[in-house]
Amino acid sequence: MTGSLANKPPLAVWIAATLFAVVLLLALGNLHRTAWLAGSVDKSVSFNLQRLQAIPPGALHVVALGSSKTMYAVDFDAAFASRLGVPGRRVVFHRVTANDPAVGYLYPALAAIARRPPDVLLVEAELLLFDRSEHAPIAGLLRHARLNLIMLRMHLAIAPAHGEMDDNRGQEEWPPEASCRHRKNPDALAAYAQYAARWREITDDERATDLAYLRRMQAAGTRVVLLTLPRSPSGDSVVPASLKRETALLRERLIKQDGFLEWEPGAMDESLYCDQVHANHRGRAFYSAWLAKQLAALLGVHSGV
């Protein structure tokens with residue numbers, strides 16, 4: 001017993017280690033405010049937005065904006081554009097996504113898209129409906145710390161860990177099938193139910209900036225489509241029914257109020273998902289083919305699917 005106690009670090013070491021961890025978290029969480037990384041902030045959180053400005057003259061431009069749900073369900077840029085074809089005219093497609101974006105997180109993306117309004121803007125509908133973010137201050141600090149760490153690695157010319165920067169360059173990381181099976185067990189579904197129980201409806205004030213960007217692009221000729229990406233049947237079953245009713249009414253109000261289009265593929269089979277919400281390879285093939293047909297009809301082009 002005495003030897004075991006002797007091998008343990010003294011209390012002062014634990015206190016010092018804890019203080020160091022807190023200081024490191026605070027530093028990483030606020031690094032984006034420093035002048036040293038100020039030039040990297042827009043580049044990092046803009047998710048490869050410079051590509052949106054290089055559209056060939058005469059090309060039809062389509063942009064999809066969403067969360068990781070959109071990332072997994074829709075082919076990246078050129079792969080999706082290859083599903084569409086029109087004789088003598090090019091279709092350029094860009095997919096811009098963020099992992100579970102909080103309210104306001106995609107403002108830089110909307111601003112960049114609005115600088116050169118596309119012909120069609122596909123917006124994941126739930127970005128205007130659900131707030132799924134943690135509201136405790138520590139959650140925001142942890143999110144900034146993660147993004148700042150990516151920026152720091154880029155600044156030091158170190159390859160960043162997989163995340164939004166990779167997803168918006170087509171360097172996607174797909175979970176193995178074994179992992180997908182694990183994500184669908186009863187414990188995982190229960191955890192998702194607890195997560196969904198914390199969601200709330202986005203307020204009109206919180207949605208105002210997003211709508212201002214969408215209306216500006218709509219006035220410039222962009223056709224705005226609210227795009228539904230359904231959860232798996234098991235995942236949808238644990239989302240609070242009251243929240244689903246409220247957000248369905250809100251979606252209908254937005255469509256009538258602003259004249260947005262609305263596309264929804266209907267229920268998708270459980271086998272098309274890796275977990276409660278993210279599509280697997282088969283789910284992406286299904287959803288991308290369906291979406292290409294919708295766009296082909298809207299644009300009057302030929303769908304290659």
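## Starting at Glu264

Glu264 sits in the loop that runs between strand 8 (261-263) and helix 14 (281-299). With a relative accessibility of 46%, Glu264 counts as partly exposed. Setting aside neighbours within four places in sequence, Glu264 is in contact with Thr228 and Trp290. Glu264 also lies 6.4 Å from Leu227, C-alpha to C-alpha, although the two are 37 residues apart in sequence.

This is a predicted model, which is worth keeping in mind as you look around.

## The protein as a whole

Now let us step back from that loop. The protein has 305 residues, and 47% of them are buried. Its secondary structure consists of 14 helices and nine strands.

Among contacts with a separation of 6 or more, 84% are between residues 24 or more positions apart. On the outside, the protein exposes about 15,000 Å², and carbon and sulfur atoms supply 60% of that area.

## Two nonpolar cores

In soluble globular proteins, nonpolar side chains tend to be buried together. Here the largest nonpolar core has 37 residues, and those that touch the most other members are Leu65, Val96, Leu214, Met217 and Leu226. Two or more residues of this core come from each of strand 1 (60-66), helix 6 (107-115), strand 4 (120-124), helix 10 (186-196), helix 11 (204-219), strand 7 (223-227) and helix 13 (241-258). Helix 6 gives the most, with five residues.

Leu65 is a good place to look at this core from the inside. Leaving out neighbours within four places in sequence, Leu65 is in contact with Thr70, Val96, Leu106, Ala109, Leu110, Ile113, Leu122, Val123, Glu124 and Leu127. Another core, of 29 residues, lies apart from the largest one, and its members include Ala64, Val91, Phe93 and Trp263.

## The second largest pocket

Glu264 comes back into the picture here. The second largest pocket holds about 360 Å³ of space. It is lined by 22 residues, and the closest to its centre are Thr228, Pro230, Arg231, Asp236 and Glu264. Helix 12 (233-237) and helix 13 are the elements that give two or more residues to this lining.

Helix 13 provides the largest share of the pocket lining, four residues. Sorted by class, the lining of this pocket has ten nonpolar, four polar and eight charged residues.

## Enclosed spaces

Rolling a probe the size of a water molecule over the atoms shows where empty space is left. In this structure there are three cavities of 30 Å³ or more. The largest cavity contains about 220 Å³ of space. Of the 22 residues that line this cavity, Pro101, Ala102, Leu106, Leu127 and Asp210 are the closest to its centre. Helix 6, strand 5 (130-131) and helix 11 each supply at least two lining residues, and helix 11 has the largest share, three residues. By class, this lining has 14 nonpolar, two polar and six charged residues. Leu106 and Leu127 may look familiar, since both are also among the contacts of Leu65.

The second largest cavity has a volume of about 70 Å³. Its lining is made up of Lys69, Ala73, Leu229, Pro230, Met268, Tyr273, Val277, Ala279 and Tyr287. Eight of these residues are nonpolar, none is polar and one is charged. Pro230 also appears among the residues closest to the centre of the second largest pocket.

## Two asparagines in loops

Asn168 is found in the loop between helix 8 (164-167) and helix 9 (177-182). Is this residue buried or exposed? Asn168 is buried, because its relative accessible area is 0% and buried means under 20%. Beyond its neighbours within four places in sequence, Asn168 is in contact with Phe47, Asn48, Arg51, Phe76, Arg95, Val96 and Thr97. One of these, Val96, is also a residue that touches the most other members of the largest nonpolar core.

Asn48, another of the contacts of Asn168, belongs to the loop between helix 3 (35-45) and strand 1. Asn48 is buried too, with a relative accessible area of 11%. Most residues other than glycine have a negative phi. Asn48 has a positive value, with phi near 60°.

Technical notes
Residues are numbered from 1 along each chain as its sequence is written. This is a predicted model: local features need pLDDT of at least 70, side-chain atom pairs count only at pLDDT 80 or more; totals for chains, interfaces and linings use all residues. Side-chain values use heavy atoms; hydrogens and water are left out. Buried means under 20% relative accessible area, exposed over 50%, partly exposed in between (1.4 Å probe, protein chains only). Contact means heavy atoms within 4.5 Å. Accessible areas come from the Shrake-Rupley method with a 1.4 Å probe; for residues, only the protein chains shown count as cover. A nonpolar core is a set of buried Ala, Val, Leu, Ile, Met, Phe, Trp, Tyr and Cys residues joined through side-chain atoms within 4.5 Å. On a 1 Å grid over the protein atoms alone, a cavity is a set of points where a 1.4 Å probe fits but cannot get out, and a pocket is an open set with protein on both sides within 12 Å along at least five of seven lines; lining residues have an atom within 4 Å of a point. Grid points are joined across faces, edges and corners, and a volume is the space filled by probe spheres set on the points. Ala, Val, Leu, Ile, Met, Phe, Trp, Tyr, Cys and Pro count as nonpolar, Asp, Glu, Lys and Arg as charged, and the others, Gly among them, as polar.
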